[in-house]
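Subject: Structure handover

Hello,

Here is the structure I said I would pass on. My notes on what turned up in it follow below.

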Amino acid sequence: MFQNCKKLKYINFWKLGPNYNTDMSRMFENTDFKSLDLSNLNTTNVRNMERLFNGCKQLKSIKFGVFDT
C-alpha cells in the first residue's frame with residue numbers, strides 16, 4: 001500500500017472495521033517513517049503481514065493497538 005513511498009511522512013489511520021483488508025504484506029516496506037501509530041487498525045481478518053516493516057531503516061517507534069491476527 002505505501003511501499004517505497006519515500007516522501008510520505010505522516011499517515012492518520014482512522015478507526016477501520018475488521019473486514020477492510022486481509023493482506024498487509026509489504027505495506028510499509030522501504031519507507032522513511034520515523035514513527036507509526038497503528039493503534040486504530042483493526043487486524044482481525046489480516047492473514048498476511050510478511051515483510052510489513054522490511055527496509056524501514058528510519059523507523060524508531062510503533063504504537064500498536066490490539067493486533068489480533
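A disulfide, as the term is used here, is a pair of cysteine sulfur atoms within 2.5 Å. A search of the whole structure on that basis finds zero disulfides. Please keep in mind throughout that this is a predicted model.

Two cysteines do come up in these notes, as contacts of Thr31. Cys5 has a relative accessible area of 28%, so it counts as partly exposed. Cys56 is buried, at 13%.

Thr31

Thr31 sits in the segment before strand 1, the strand that covers 35-38. Its relative accessibility is 1%, and because buried means under 20%, Thr31 falls in the buried class. Setting aside neighbours within four places in sequence, Thr31 is in contact with Phe2, Asn4, Cys5, Gly55 and Cys56. A polar atom of the Thr31 side chain also lies 2.8 Å from the backbone oxygen of Phe28.

Aromatic pairs

Phe2 and Phe28, just mentioned around Thr31, return among the rings. The whole structure has three aromatic pairs. One of them joins Phe2 and Phe28, which are stacked with 5.8 Å between centres and 15 degrees between planes. Both residues lie in the segment before strand 1, but they are 26 residues apart in sequence, so the pair ties together separate parts of the chain. Phe2 and Phe28 are both buried.

Phe28 pairs with Phe53 as well, again stacked, at 5.7 Å centre to centre and with 5 degrees between the planes. This pair links distant parts of the chain: Phe28 is in the segment before strand 1, while Phe53 is in the loop between strand 1 and strand 2, 25 residues apart. How accessible is Phe28? Its relative accessible area is 0%, so Phe28 is buried. Phe53, at 25%, is partly exposed. Taken together, ring pairs link Phe2, Phe28, Phe33 and Phe53 into a cluster.

Ile62

Two members of that cluster, Phe33 and Phe53, also appear in the entries for Ile62. Ile62 is placed in strand 2, residues 61-64. With residues up to four places away in sequence not counted, Ile62 touches Leu36, Leu38 and Phe53. From Ile62 to Phe33 the C-alpha to C-alpha distance is 9.9 Å, with their positions 29 residues apart in sequence. Ile62 is partly exposed, with a relative accessibility of 30%.

Salt bridges

Side chains of opposite charge can pair when their charged atoms come close. How many salt bridges does the structure hold? There are three salt bridges.

Asp32 and Lys6 meet through their side chains in one of them, at 3.6 Å from N to O. The two are 26 residues apart, each in the segment before strand 1, and the pair links distant parts of the chain. Asp32 is partly exposed, with a relative accessible area of 23%. Lys6 is partly exposed too, at 41%.

Glu29 takes part in a salt bridge with Arg26, where the N to O distance is 3.8 Å. Arg26 is partly exposed, at 33%. Is Glu29 buried or exposed? Glu29 is buried, because its relative accessible area is 3%.

Arg51 forms a salt bridge with Glu29, and the closest N and O atoms are 3.1 Å apart. Arg51 lies in the loop between strand 1 and strand 2, and Glu29 in the segment before strand 1, so this pair ties together parts that are 22 residues apart in sequence. The relative accessibility of Arg51 is 37%, which means that Arg51 counts as partly exposed. Arg26, Glu29 and Arg51 are thus linked in a network of salt bridges.

In short

The search for disulfides came back with zero. The structure has three aromatic pairs and three salt bridges. The loop between strand 1 and strand 2 is tied to the segment before strand 1 by the pair of Phe28 and Phe53, and likewise by the pair of Arg51 and Glu29.

Regards

Methods
Residues are numbered from 1 along each chain as its sequence is written. This is a predicted model: local features need pLDDT of at least 70, side-chain atom pairs count only at pLDDT 80 or more; totals for chains, interfaces and linings use all residues. Side-chain values use heavy atoms; hydrogens and water are left out. Helices (H or I, at least four residues) and strands (E, at least two) are DSSP runs, numbered from the N terminus. Buried means under 20% relative accessible area, exposed over 50%, partly exposed in between (1.4 Å probe, protein chains only). A polar contact is a pair of N or O atoms within 3.5 Å; within protein, one must be able to donate a hydrogen and the other to accept it, and residues adjacent in sequence count only if both atoms are side-chain atoms. Contact means heavy atoms within 4.5 Å. Rings of Phe, Tyr and Trp (its six-membered ring) pair if their centres lie within 6.5 Å; planes under 30 degrees apart count as stacked, over 60 as edge-to-face and the rest as tilted. A salt bridge is a side-chain nitrogen of Lys or Arg within 4 Å of a carboxyl oxygen of Asp or Glu.
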